[in-house]
Each structure stands twice: as C-alpha cells, then as structure tokens.
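Here is a friendly note to read with the model open beside you. It goes through a few empty spaces and then turns to one charged residue.

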Amino acid sequence: MYDFRKCVIGVAPTRRDMFRRSRLDEIMQKTAELAKRHDVDLVTIDGVTDEGLLVSNSDAAKVAKHFIANEVDAVFVPHANFGQEEAAAKLCASVNKPVLLWGPRDPAPLGITNQGEDRPFDVQCGLFATGKALLSYNVPFTYVENCFLDSPVIDEGFSDFARTVCAAKAFKSARVGQLSLRPRQFLTVKYNESELLEKFGIEVVPIGESEIVGTIKKILEDEQDAVAEKIRQWSERIDLSAESEENKKSLAASALGITRLAEGYGCTVLAGECWRMLRTAFGVSSCFLWGALTDDGVPVSCETDVLGAIGTGVAMGAARNDSRPFFADITIRHPTNDNAELLWHCGPFPVSLAKDTQPKPKVMGCKGQWEIRGGDVTVVRMGSLNGKYTMFADEAKGTDGPKTNGNYLWIETDNWPMWERKFVTGPYIHHVTGIHGKLQAVIHEALKYMGDIGPDCACGCSCDCC
C-alpha cells in the first residue's frame, strides 16, 4: 500500500565561488543526524559536482538530473556560505518539488586579520538573495530561520518540513478508490471528478458494487485460512464476542478483498459506501471494517466522501503514520462547555486510537464501541464551491464529556461558535478528519505545494496561523 511516511530529500549545499571557505562538512554531518532522527532518506550530490557543492549553473543541471533520477520528494538547499542563488533557483525550478531553505548562523566576526577574512561565510545575507531568486523563478519554498547548528529550531524545522512534504505528496499522489455509489440523500458529498483531475491531477477510480461483492465472496469460498488469520489478528486486541462467526468471516473477507482491490487499482485512499452494500450482500455493517482498514494503512472515509478521503490522506501524510486518522461527524455541542463539541461516528474509528484497552475495546453490530484518546488534535476538511478549493485545518484538545455509543471524542476549541459558523457557511460539511498532534501549520505549509487550493481555519484569516 501507499507509504504515507516515506520521505526522500535531495541535499544540495551551495557556496558562493568568491568565498574561499565553506561549512560543508558541518552542514552535511548535521543533515545526516537530522535525517536519521526523523526517518528521512537522503540523496546527496557527492561525486555529482566537483566539490559536492552547488556552485554553478552547470552544477544545477547535473544535480537536477541526479535528483530526478533518484525520485526525490523534496530538495534541501543549505547554504555553506553566501551561496549561489541563481544555481539554487535553477535547480529547484527544474526538480519541481518542495524546497527547504536554511543556513547555519555565522560565528562572531573575526575582526581585522592578515587574511582579510572578517566574516568568511555571510550565510544569512545569501539566504535573502536565494529567497528572492526562488520567488523570481516562481518556486514555492519553506524557510527555517538562520540559527546555530545545535539549535532546536533546525531540528523542529526539518521535522516539520518532512511532514509538509509527506502531506503534499499524499495530496498530489492521491488516487481515490470510490467503493460503490454515494448514499442517495448525501448530496453534501458530491464532487467534480473532472475538476479534481484537471486542477490537481487527482484520480478517482470507481469500483462497482458487483466487483466488490464478487471479490469478497470468492475469498470466503477459497481463502478460509486467510480469513481465519485476519479474525485471529483482530481478536488479539478487540472483543468480537458479540459478533456471530458468520459476521466475523464476512468482515475479515471484506477487509482482505477491499485491500486487494485498492492495491490492484493503485489507490492511496478509499471513499466507501457504508449504508447498504455490505449489509445487503452479507448482513454486516461496514463501520468497524473502515476503521480496521485505516489501521492497516488503507484509510477509508464514510458515505463515499471523496473530498473527505483526500483530506484524510493529507492528514495521514502530515502525521507520517505517527498516528492514524479518524473520520467523524461534527455532531452536537457539549451540554455544559460552550467551546466543546462531539466528534462522533457510528463505529469506524481505528482501534489503535482507543482510550482504554483493558478490557478490550468491543465491537457490537459490526460497529466499534469506544471513546478514543484525547490530547492535541488537528481537524481537517477539504471543501469546494464554484471551482474554488480550500483546506480547513485547525487545532483543538480532547476533553471530558458524556459517554455515548459508537466511536467518539469530545474536543474543546478556543471559540466553538466561530468554528460552527465556519462549517455552516461553508464550503464545508459535517464530515471531518481528526488526527492527533498539532499539525495545522504543517498542513497549511503543504498547501504551497499542492496547487490552486487555499488555507482556511476557524477564524478564516489570512495571517501566519494559516
């Protein structure tokens, strides 16, 4: 299946040819440490250019060819001294991937010396030049402030950039498997398939009900051992005692079949019809199944919500699989906390998110029955109206609230009436994706690299929070 965590970054340290000294060794050592800590694969330019540095326009052409051949997901251009802004801009424009711009903070000036090297690097000065050059070449980029090599700023910035890259890649690589038709009454999940392809290169793959049901039936008949193994795996952490043996087999075969179809069609995310398809064919609800598939790395949105599935993929990329997303209804306000709200659905949240694991989380009626853990949560929703697309992302915290059925989490916001107004006035609906962590800034930074889709949040501003 699609790897939401994988991040390959091409590193092209640059120096200005008129500066005799550079900080190449320090920078590459630091970059290797960052890559190891944050599980990023590096592609260096050792052996590609004479010095392992980007110095000239001819270097830019060679490095671009090298990065493209190695299928990098992004380009990192650390400045080893002032840097060569034209070569950096040409490289980044040619590769056409997200760009990270940074350079280490200079040591104190040396004063007057016999060698005349008062300030041998002038890294920050060069960063200003490269930023302008990238803008002139229409290259979007992410900037981490000029800081010392041992500063937590570059550590956090590098980690956030990797998340940004994975979120943007999940969007641009999105191939949505649409499982059957939308429920008739859900006009809110309508979308423009041609527009998604034309604007963003996002493909939707319709997978018909007959093909889905036929695949599942064949697995039930021919792959009983695989079905039993899937049930065994689930039973290790989930209480399935309320389900009949027939239902458990149908759910397990459905998980195997839908995963196989998703892999066969190259789908990264799925939008599933969950009202009648599996219930009519096998007498089971798909709620628990959607959560189980999401736990297996095949995220599924409910009620054939294609835009919801795309947003779920973006959230999963931003989290880099540190946590699984959950697809929820925005349901009711908290009875006593005016800034809190219930994120709920009838049972499709991944069991890996369950708040209490002892006793085992229970499935009843093929629907998960557990509250999920709180903490920091980012809420994500893609919306469209009249050809204009936006991506809502804002942050909340889990809070206490009344128990209810299905899967749920009460969240507390800074200003719920503002959130409510945003969702009612659109272009959003009652479906959202939740993901644990503070990821608003990462998701909105990723929008730079997604195309014609704007940032949005509860306050609807255009300031730095977006």
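1. The second largest cavity has a volume of about 30 Å³. Please keep in mind that this is a predicted model. Lining this cavity are Glu273, Cys274, Trp275, Arg276, Met277, Leu278 and Arg279, together with Val284, Ser285 and Ser286. Sorted by class, five of the lining residues are nonpolar, two are polar and three are charged.

2. How many cavities of 30 Å³ or more does the structure hold? There are two. The largest cavity comes to about 60 Å³ in volume. To find this cavity on screen, you could select the residues that line it: Trp290, Gly291, Thr294, Val300, Cys302, Thr312, Pro325, Phe326, Phe327, Pro348 and Pro350.

3. Two elements are worth colouring around the largest cavity. Helix 11 (287–295) and strand 10 (326–333) each supply at least two residues of its lining, and helix 11 gives the most, with three. As for chemical class, the lining of the largest cavity has eight nonpolar residues and three polar ones, with no charged residue. The lining of the second largest cavity, by contrast, does include charged residues, three of them.

4. Next, an open space. The second largest pocket has a volume of about 310 Å³. Its lining is made up of 18 residues. Which of them lie nearest the centre of the pocket? They are Asn96, Lys97, Pro98, Lys172 and Tyr449.

5. Helices also take part in the lining of this pocket. Helix 3 (85–95) and helix 5 (152–172) each contribute at least two residues to the lining of the second largest pocket. Helix 5 gives the most, with four residues. The lining of the second largest pocket is mixed in class: nine residues are nonpolar, four are polar and five are charged.

6. Finally, do take a look at Glu303. You will find this residue in the loop between strand 9 (300–301) and helix 12 (306–319). Is Glu303 buried or exposed? Glu303 is buried, yet it has no salt bridge. The nearest side chain of opposite charge belongs to Arg381, and that is 8.7 Å away; a salt bridge here requires the charged atoms to be within 4 Å. What does the side chain of Glu303 make a polar contact with? Its partner is the side chain of His431, at 2.7 Å.

Note on methods:
Residues are numbered from 1 along each chain as its sequence is written. This is a predicted model: local features need pLDDT of at least 70, side-chain atom pairs count only at pLDDT 80 or more; totals for chains, interfaces and linings use all residues. Side-chain values use heavy atoms; hydrogens and water are left out. On a 1 Å grid over the protein atoms alone, a cavity is a set of points where a 1.4 Å probe fits but cannot get out, and a pocket is an open set with protein on both sides within 12 Å along at least five of seven lines; lining residues have an atom within 4 Å of a point. Grid points are joined across faces, edges and corners, and a volume is the space filled by probe spheres set on the points. Ala, Val, Leu, Ile, Met, Phe, Trp, Tyr, Cys and Pro count as nonpolar, Asp, Glu, Lys and Arg as charged, and the others, Gly among them, as polar. Buried means under 20% relative accessible area, exposed over 50%, partly exposed in between (1.4 Å probe, protein chains only). Lys and Arg count as positive and Asp and Glu as negative; His and the chain ends are not counted. A polar contact is a pair of N or O atoms within 3.5 Å; within protein, one must be able to donate a hydrogen and the other to accept it, and residues adjacent in sequence count only if both atoms are side-chain atoms.
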